[in-house]
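The exercises below ask you to read folds, helix contacts and single residues from a set of coordinates. Each task is followed by a solution that goes step by step.

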Amino acid sequence: MPAPIRLRELIRTIRTARTQAEEREMIQKECAAIRSSFGEEDNTYRCRNVAKLLYMHMLGYPAHFGQLECLKLIASQKFTDKRIGYLGAMLLLDERQDVHLLMTNCIKNDLNHSTQYVQGLALCTLGCMGSSEMCRDLAGEVEKLLKTSNSYLRKKAALCAVHVIRKVPELMEMFLPATKNLLSEKNHGVLHTSVVLLTEMCERSPDMLSHFRKLVPQLVRILKNLIMSGYSPEHDVSGISDPFLQVRILRLLRILGKGDDDSSEAMNDILAQVATNTETSKNVGNAILYETVLTIMDIKSESGLRVLAVNILGRFLLNNDKNIRYVALTSLLKTVQADHNAVQRHRSTIVDCLKDLDVSIKRRAMELSFALVNGNNIRGMMKELLYFLDSCDPEFKADCASGIFLAAEKYAPSKRWHIDTIMRVLTTAGSYVRDDSVPNLIQLITNSVEMHAYTVQRLYKALLDDISQQPLVQVASWCIGEYGDLLVSGQCEEEEPIQVSEDEVLDVLEGLLVSNLSAPVTRGYSLTAIMKLSTRFSSVNRIKKVVSIYGSSIDVELQQRAVEYNALFKKYDHMRPALLERMPIMEKSATNGPAEIVQTNGETDAPILDTKHPPNIPQPISQANDLLDLLGGNDVVPVIQTTAPTKPASAGGELLDLLGDLSLTGGPAPTPAPSVPMSQPPFLLDGLTSQPLFNDIGAGIPPMTAYNKNGLKIEFTFERSNPNPNIAVITIHATNTTEVDMTEFVFQAAVPKTFQLQLLSPSSNVVPALNQGSVTQVIRVLNPQKQQLRMRIKLTYTHKGSPVQDLAEVNNFPPQSWQ
Amino acid sequence: MQFMLLFSRQGKLRLQKWYVPLCDKEKKKITRELVQTVLARKPKMCSFLEWRDLKIVYKRYASLYFCCAIEDQDNELITLEIIHRYVELLDKYFGSVCELDIIFNFEKAYFILDEFLLGGEAQETSKKNVLKAIEQADLLQESQPEDWGGLANDEIL
């Protein structure tokens, strides 16, 4: 059998291969030769074969059949064999294979070998890839070597111990005695690895941390010597003495000084010294300064030192070296919470970094910019951030847009600015905006009541330009649906109102429905918007036509909506205006939807029209009907109500907003439902045309006392709902003449089947004693058949510690309330 | 440090040192991804990038990329110095080192690395001491031809 070819020869041969296939062929041939050579148990050439195998493994070819051979090499007495064997073990074996455990005995022997280089090989292998089992078995040997006077072995043992501790943390205790005089070593290798070991122990155990705090003075001394001592050729790097050791010591000081006043005090001086004296022309000096800054920030340093640190970072920001700038931005991000003002001083430099070419720097600068935005600099910062949004890579746009929204929400100087900013984001990065921003924006727009006309106008103009960005289109169609009447009437105060006709608006919305660019969700938005306009525009017939066309749409969601809206036109036209009214101001909370309540019909065959809300807003939860259980009877219609009280401002307040929006704008009156009976009491008509406020209308109907028992008195006052005279609006006023408050007060009501009842949130659930205040709640009763109004009420509250419950019938409604 | 990779501008791996236990498949996947990411970087970009939950520090020396993966609390700038120190050691050992030296003498490159780093941390901060140790170990390899069936020291591999 000729000798196996030599390693370098093989490498040379393989490199001549011109194709992947050729290379594979060579490798396969050689692997076969190596395999048969292994089979012959040849001791001379084993290490040559394993070395070749390792080369082929690096090229990506399988080499598992060499694992056992590595073990044989390790067991050999020849140093060359051991060297290649251990290298093979580190490359081919890992703790997932049981084979590696066979190494344990060999390593144990080699740890006690007479030659330090063999011991070194064993320590290195154990410290690199030793499994937990191996570490457990050999920890004792490592600990022994940690105490040796041979610095070559001691430094390796220290790092090996670090690995053992990482794998088997319980063994940490056993290394404690050996650490006693590690720091008194002169040898830098031992010092460096000892500091690493101490750092590992302190990070893992608070007890160790307190134990080692006493080393702070010694560490400070070592650091001082490094800085003050003259040129030492052995450890010098660009004029700095052993920067690796300096950095490690600074890191250990950071851990020891954190949260501890005394230690922090002891290291103040040396930190200041390092911070001011370190040469900054080369990377190595900056590496030390960087570590120093991190340490100053983490410990309880005095303010002068902290300012020094932030200033160092500020200088870093101006450095030509982009690595330094990157590191500065990262550190500033960590300290911006703690030292906000100091970081603010460098704001303009940070904002400049937004224009850097490097992606990582841009990202850091963006995060930091958002952290620095406050009420004072919002206008300037937003200009820069919007410019950044325009020009940045797509990977940034989503985060940047979200950040801008958040900042705008927190610090917007005016509503108009806020809406303008949002518009700008939607038009520049509209397709990258997060999904949840659509409902958030809608909520924001709804709540900026005075800006509705301006907002809808701007959104409409944006739609004319571009309908491809879905979030923008969704928000725009929602707004047009809500405020289309303002758009058409040319109401805008903030800017020149545009002239647009109802047909033009409907053209745009219908265009969204048919466009290929529109997502299904967007189509849903625009169909709903078109439907809402049926109560705001006069071209109802056109809308009816559109809605009926989509009744046979392939998209199930659209189809369902269209069918339900069709039903609204046909069977439930009397309900349409009420259902499609303006949205009230929404409560801002993550979990609840709008404060409005959905009413359900007692009859089950009518579809539940919940699609008038934008899909992202969750429906308010409907309550169980215990009233139905209690009162029984088929003539009672269940009532849905919420138990959460609204702001005490005004219980009828929501209603006011709804009506106020409709009547105060002076826009075209919503088309009355065709089925409204023409006969109306004359005083109501007067109320409609002359005074928009419903209070005047309601003045015609006298209030009544519905309930008066045990000190609790409930009065009903009446208003007529404009525009639908079939809806009576009753406000209950609950007062308490006793000396004790009535708490957990809940009012419930039920009406006969031909009526429909809607109960809005009460102003509070405490009826104060001695008539000091009242609880108000609004009830809206729809009475299309003009029947006599009857009501059953149930009251529950807690009085003087005990719960009280009562039922009553209210039959004494004045005729004007239901005729 | 979790691992160090050396690769050429064509993406060929020249050295891989792993300080965390991973299976072969995982190592190959990480290597492939990282090589692709680093090679895609433009020359003007900084030497650091975030990858998964690690920080990657890389530097190019002639035709070789030296790439280290460090943890969150490690100092990026000093890692650059570590890479530089390793290159200096190779340079001193091979005498003006180039990629070919590392290709044909990969086992020696590993030996030098193992005298400089252990378990991902520097074990010796003196250049002189590392080189001395390698020198001594190399001398130890010199043995009688009888032990090697008549082969001289430089004929063994």
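## Exercise 1: A residue in a helix of chain A

At 0% relative accessibility, A:T522 counts as buried; the model in which this value was computed is a predicted one.

Task: Place A:T522 in the secondary structure, and state which residues beyond four places in sequence A:T522 touches.

Solution. Begin with the secondary structure, where A:T522 is found in helix α28 of chain A, a helix that covers residues 520–532. Next, leave out residues up to four places away in sequence, and the residues touched by A:T522 are A:Q470, A:V473 and A:Q474. Finally, consider a distance across the sequence: A:S477 is 45 residues from A:T522 along the chain, while the C-alpha atoms of these two residues are separated by 8.3 Å.

## Exercise 2: A second helical residue

Task: Determine whether A:D399 is buried, partly exposed or exposed, and list its contacts beyond four places in sequence.

Solution. Locate the residue to start with: A:D399 belongs to helix α22 of chain A, residues 394–411. Its relative accessible area is 28%, and because buried means under 20% and exposed means over 50%, A:D399 is classed as partly exposed. With neighbours within four places in sequence set aside, A:D399 is in contact with A:R363, A:M366, A:F370 and A:R434. For the pair A:D399 and A:E367, the C-alpha to C-alpha distance is 9.1 Å, and the two residues are 32 residues apart in sequence.

## Exercise 3: Two helix pairs in chain A

Task: Describe how α15(A) and α17(A) are oriented, and name the residues through which they meet.

Solution. Helix α15 of chain A comprises residues 283–298 and helix α17 of chain A comprises residues 322–335; their axes come within 11 Å and cross at roughly 0°. Angles under 35 degrees count as roughly parallel, and α15(A) and α17(A) are therefore roughly parallel to each other. From α15(A) the residues A:N283, A:N286, A:Y290, A:L294 and A:M297 take part, and they meet A:I324, A:V327, A:S331, A:K334 and A:T335 of α17(A). Sorted by class, this contact has 5 nonpolar, 4 polar and 1 charged residues.

Task: Carry out the corresponding analysis for α8(A) and α9(A), and give the handedness of their crossing.

Solution. Helix α8 (residues 132–146) and helix α9 (residues 151–167), both of chain A, pack with axes 9 Å apart at an angle of about 150°. The crossing in which α8(A) passes α9(A) is left-handed. On the side of α8(A), the contact is made by A:S132, A:C135, A:A139, A:V142, A:L145 and A:L146, while α9(A) contributes A:L153, A:R154, A:A157, A:A158, A:C160, A:A161, A:H163, A:V164 and A:K167. By class, the residues of this contact divide into 11 nonpolar, 2 polar and 2 charged.

## Exercise 4: Positive phi outside glycine

Task: For A:S238 and B:S96, give the phi value, and then work out the setting of each residue.

Solution. Take the residue of chain A to begin with: A:S238 is not a glycine, yet its phi is positive, at about 50°. A:S238 sits in the loop that lies between β1 (236–237) and β2 (240–241) of chain A, and with 42% relative accessibility it counts as partly exposed. Turning to chain B, B:S96 is likewise a residue other than glycine, and its phi is near 55°, a positive value. The loop that holds B:S96 lies between α2 (76–94) and α3 (99–104) of chain B, and B:S96 is exposed, its relative accessible area being 60%.

## Exercise 5: Chain B and an enclosed helix

Task: Summarise the secondary structure of chain B, and explain why α4(B) can be called largely enclosed.

Solution. Chain B has 5 helices and 7 strands, and along the sequence they follow the pattern β-β-α-β-β-β-α-α-α-β-β-α. Of its 157 residues, 61% count as buried. Narrowing to helix α4 of chain B (residues 106–116), 10 of the 11 residues are buried, so this helix is largely enclosed by the rest of the structure. The buried residues of α4(B) are B:F106, B:E107, B:A109, B:Y110, B:F111, B:I112, B:L113, B:D114, B:E115 and B:F116.

Key
Residues are numbered from 1 along each chain as its sequence is written. Chains are lettered from A and ligands numbered from 1 in the order in which they are written. This is a predicted model: local features need pLDDT of at least 70, side-chain atom pairs count only at pLDDT 80 or more; totals for chains, interfaces and linings use all residues. Side-chain values use heavy atoms; hydrogens and water are left out. Axes are lines fitted to C-alpha atoms, for helices over the stretch in contact, and angles run from 0 to 180 degrees between N-to-C directions. Helices (H or I, at least four residues) and strands (E, at least two) are DSSP runs, numbered from the N terminus. Angles under 35 degrees count as roughly parallel, over 145 as roughly antiparallel, 65 to 115 as roughly perpendicular and the rest as oblique. Contact means heavy atoms within 4.5 Å. Ala, Val, Leu, Ile, Met, Phe, Trp, Tyr, Cys and Pro count as nonpolar, Asp, Glu, Lys and Arg as charged, and the others, Gly among them, as polar. Buried means under 20% relative accessible area, exposed over 50%, partly exposed in between (1.4 Å probe, protein chains only). A crossing is left-handed if the near helix is turned anticlockwise from the far one by less than a right angle, and right-handed if clockwise.
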